[in-house]
Amino acid sequence: MKRDEVFEFFRRLAEANPSPTTELEYSNPYTLLVAVVLSAQATDASVNIACRPLFERIRTPEQMVDFGEERLRDAIKTIGLFNTKAKNVIALSKALIEQYGSEVPRTREALQALPGVGRKTANVVLNTAFGEETFAVDTHVYRVCNRTGLAPGKTVDEVEAKLDKIVPQPFRRDAHHWLILHGRYTCKARLPECWRCPVIDLCRYKPKTPPAEERVKSSAARSGSRGSSAARTAKGPTASKQKANRSRSRPNRLP
C-alpha cells in the first residue's frame, strides 16, 4: 500500500474502535505476562475462563511458586499444551524473583530470556503493560497484513519489520490491537466478512465476500442451473431409448 493508503487504513480502524486493547484479562504486568504465555495456540476466551479463578488468588511470582506446578497444571488443564505451559510459568516466576526482584522486565531481550516467552509474547507485554510501540504478530495480524496487502511477508518477522517501517503516528501504539481485532471479527480466516469491512476499498483481497443474502441467492441460482442441466441430461437418454425401442419393434423386412 502507498503511504496515504496506510494512514487511511488505520484512521478508519481507529474511528471504528478508538480504544482497542487486548481481550486477555489481567490485573498487573505479571498476570498479563502469564496470560500471554498461556494464550499460545489457544484462544483468549479459553485463557480467561481458566485464569479468572487463578488470578483471584495469584497476582505475584511468589504466590505462583507457592501455588506449585501440579496445582497450576490442574487449574489450566482446559488450555492446550497445559503441561509445558505450567512448567514454563513456574520457571519464569522463579526467574523473576531471582533476577528482577519479582518485577516484570521492560526490555524485549530480558523478557525473551524468560522460559516460555517468545518475541510475540514480549511485544504484547511491552505494548500493553508499558505502552511501548511494538508490533506483536499473531496469526490474525499475519493474515490481515498479507491478505490486504498492508504489510505482506513470508514470515512473522518480515511482517513485523514492515509494520515497524510503515505504520505512522498516531497509530503505532495501538496498531497491532486494531489488526488483531480486525482479523478476529471481520477479516476472518475461513470467510472474511468483506461486506462490512471499513477498509474494503483499500484491501487487495479478491474476490470480495458478498453479504450472506447474496451468497444464498447465488447458491440457489447455481443449484437451479445444475437441476435444469441434470433434467436435460436425464431426458436425453430416455428419449433415445424410446426411439431405439420403437426401431426394434419395426419389422426388418416386408412379409
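Let me begin with helix H1, residues 3-16. Its 14 residues, at 1.5 Å a residue, should span 20 Å, and the end C-alpha atoms are indeed 20 Å apart, so expectation and model agree. I should state at once that this is a predicted model.

Which residues of H1 are buried? They are Glu 5, Val 6, Phe 9, Phe 10, Arg 12, Leu 13 and Ala 14. The cover over these buried residues includes H9, H10 and helix H11, residues 175-185.

Allow me to place H1 in the chain as a whole. The chain has 12 helices and 0 strands. Read from the N terminus, the order of elements is therefore α-α-α-α-α-α-α-α-α-α-α-α. Of the 255 residues in the chain, 40% are buried. If we take contacts between residues at least 6 apart in sequence, 59% of them join residues at least 24 apart.

I turn next to two of the helices that cover H1, namely H9 and H10. H9 comprises residues 139-148 and H10 residues 156-166; their axes come within 10 Å and cross at roughly 70°. That angle makes H9 roughly perpendicular to H10. The crossing of this pair is left-handed. Which residues form the contact? From H9 there are Val 141, Tyr 142, Cys 145 and Asn 146, and these meet Val 156, Val 159 and Leu 163 of H10. By class, the contact of H9 with H10 has 6 nonpolar residues, 1 polar residue and no charged residue.

My last element is helix H8, residues 119-130. Here, too, the length is as expected: 12 residues at 1.5 Å a residue should span 16 Å, and the end C-alpha atoms are 16 Å apart. How many of the residues of H8 are buried? The count is 9 of 12, and H8 is therefore largely enclosed by the rest of the structure. The buried residues are Thr 121, Ala 122, Asn 123, Val 124, Val 125, Leu 126, Asn 127, Thr 128 and Phe 130. They pack against helix H2 (29-38), helix H7 (108-112), H10 and H11.

Thr 121 may serve as an example from H8. Its relative accessibility is 8%, and because buried means under 20%, Thr 121 counts as buried. Leaving aside residues up to four places away in sequence, Thr 121 touches Leu 33, Val 36 and Val 37. Finally, H8 is followed by Gly 131, which has a positive phi, near 75°.

Definitions and conventions. Residues are numbered from 1 along each chain as its sequence is written. This is a predicted model: local features need pLDDT of at least 70, side-chain atom pairs count only at pLDDT 80 or more; totals for chains, interfaces and linings use all residues. Side-chain values use heavy atoms; hydrogens and water are left out. Axes are lines fitted to C-alpha atoms, for helices over the stretch in contact, and angles run from 0 to 180 degrees between N-to-C directions. Helices (H or I, at least four residues) and strands (E, at least two) are DSSP runs, numbered from the N terminus. Angles under 35 degrees count as roughly parallel, over 145 as roughly antiparallel, 65 to 115 as roughly perpendicular and the rest as oblique. A crossing is left-handed if the near helix is turned anticlockwise from the far one by less than a right angle, and right-handed if clockwise. Contact means heavy atoms within 4.5 Å. Ala, Val, Leu, Ile, Met, Phe, Trp, Tyr, Cys and Pro count as nonpolar, Asp, Glu, Lys and Arg as charged, and the others, Gly among them, as polar. The expected span of a helix is 1.5 Å times one less than its number of residues. Buried means under 20% relative accessible area, exposed over 50%, partly exposed in between (1.4 Å probe, protein chains only).
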